Amino acid sequence: MSHVGFQDIWLRRIATQLEKQGVGKVIYTDCITEENIRQIVPAITERIGSNPQFNRAETTEISIMMTGIPNVGKSSLINALRRIYIKKGKASKVGGEPGITRSVLSRIQVSENPLIYLLDTPGVLSPRIESVETGMKLAICGTILDHLVGEDIIADYLLYMLNQHQQHRYVAQYELDGPCSDIETLLKKIAIKLGKTQRVKVITGVGNVNITVPNYSAAAYDFIRSFRKGDLGRLTLD
């Protein structure tokens, strides 16, 4: 089975599970390419119009609160909706680290007809992570601050997951000879390719010597962020 087919199966399984939990509609989006973004407003209006629990007699405008785990893309989704429906720029700050949105902002208009406002909120994460594996998956996605886990550890687990799913786009990305299973070897090659080096002092029996060595931390940083940007392919971690 191709990786694309495997990915589609997992996406359908996730959507089915969410629907069993009471989620009315699942839409997979990409805020960079704006994939499926235009499906959101019709889905919102259909959901509200068909559900008697929403009393629409007093006002026709819609206000919705955005919720989700840190760094999942809530602010990016708001900005993508504004670009499409009201031709406006960014209203919410976005970044590659969790915690950019620190408080609930005022209402942000994302559509003129129908009139829809969204409330951006800080990410919400469970106070207890059930397993190390779950924690590592969250760390790969940037939900947990990188330095709390260690970028070298995150990079190691990411390499394992990519190889496990036969997702070897990193080979072409970093001009390697083939797939690699050792994170230290991979990071060394990445550092050399990107020119990421650092000077360190070595104490010897004849005095101190400064040598140039690969910067493994910088290489791990690039490896992780390349995955988060989508440069290493799409991978469903669950």
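**Exercise 1. Is helix α3 mostly covered or not, and how many of its 12 residues are buried?**

Solution. The structure is a predicted model: local features need pLDDT of at least 70, side-chain atom pairs count only at pLDDT 80 or more, and totals for chains, interfaces and linings use all residues. Residues are numbered from 1 along each chain as its sequence is written, and side-chain values use heavy atoms, with hydrogens and water left out.

Step 1. Helices (H or I, at least four residues) and strands (E, at least two) are DSSP runs, numbered from the N terminus. Helix α3 covers residues 74-85.

Step 2. Buried means under 20% relative accessible area, exposed over 50%, and partly exposed in between (1.4 Å probe, protein chains only). Nine of the 12 residues of α3 are buried, and the helix is mostly covered.

Step 3. The buried residues are K74, S75, L77, I78, N79, A80, L81, R82 and I84. They pack against α2 (40-50), β2 (108-111) and β3 (116-119).

**Exercise 2. Find the span of α3 from its first C-alpha to its last and set it beside the expected span.**

Solution. The expected span is 1.5 Å times one less than the number of residues. For the 12 residues of α3 this gives 16 Å, and the helix reaches 17 Å, which is close to that. Just after α3, K87 has a positive phi of about 55°.

**Exercise 3. Describe the surroundings of K74 and S111.**

Solution. Step 1. K74 is in helix α3. Its relative accessibility is 8%, so K74 counts as buried.

Step 2. Contact means heavy atoms within 4.5 Å. Without its neighbours within four places in sequence, K74 touches M66, T67, G68, I69, D120, T121, P122 and G123.

Step 3. S111 belongs to strand β2. With a relative accessible area of 1%, S111 is buried. Its contacts, again leaving aside neighbours within four places in sequence, are V41, Y85, I86 and I116.

**Exercise 4. At what angle do α2 and α3 cross?**

Solution. Step 1. Axes are lines fitted to C-alpha atoms, for helices over the stretch in contact, and angles run from 0 to 180 degrees between N-to-C directions. The axes of α2 and α3 cross at roughly 100° and come within 11 Å.

Step 2. Angles under 35 degrees count as roughly parallel, over 145 as roughly antiparallel, 65 to 115 as roughly perpendicular and the rest as oblique. The two helices α2 and α3 are therefore roughly perpendicular.

Step 3. I40, V41 and P42 of α2 meet L77, L81 and Y85 of α3. Ala, Val, Leu, Ile, Met, Phe, Trp, Tyr, Cys and Pro count as nonpolar, Asp, Glu, Lys and Arg as charged, and the others, Gly among them, as polar. The contact of α2 with α3 has six nonpolar, no polar and no charged residues.

**Exercise 5. Describe how α6 packs with α9.**

Solution. Step 1. Helix α6 (residues 151-164) and helix α9 (residues 216-229) have axes 9 Å apart, at an angle of about 45°. This angle makes α6 oblique to α9.

Step 2. The contact involves E151, D152, I154, A155, L158, L159 and L162 of α6, together with S217, A220, Y221, F223, I224, R225 and F227 of α9. By class, the contact of α6 with α9 has 10 nonpolar, one polar and three charged residues.

Step 3. A218 also lies in α9. At 22% relative accessibility, A218 counts as partly exposed.
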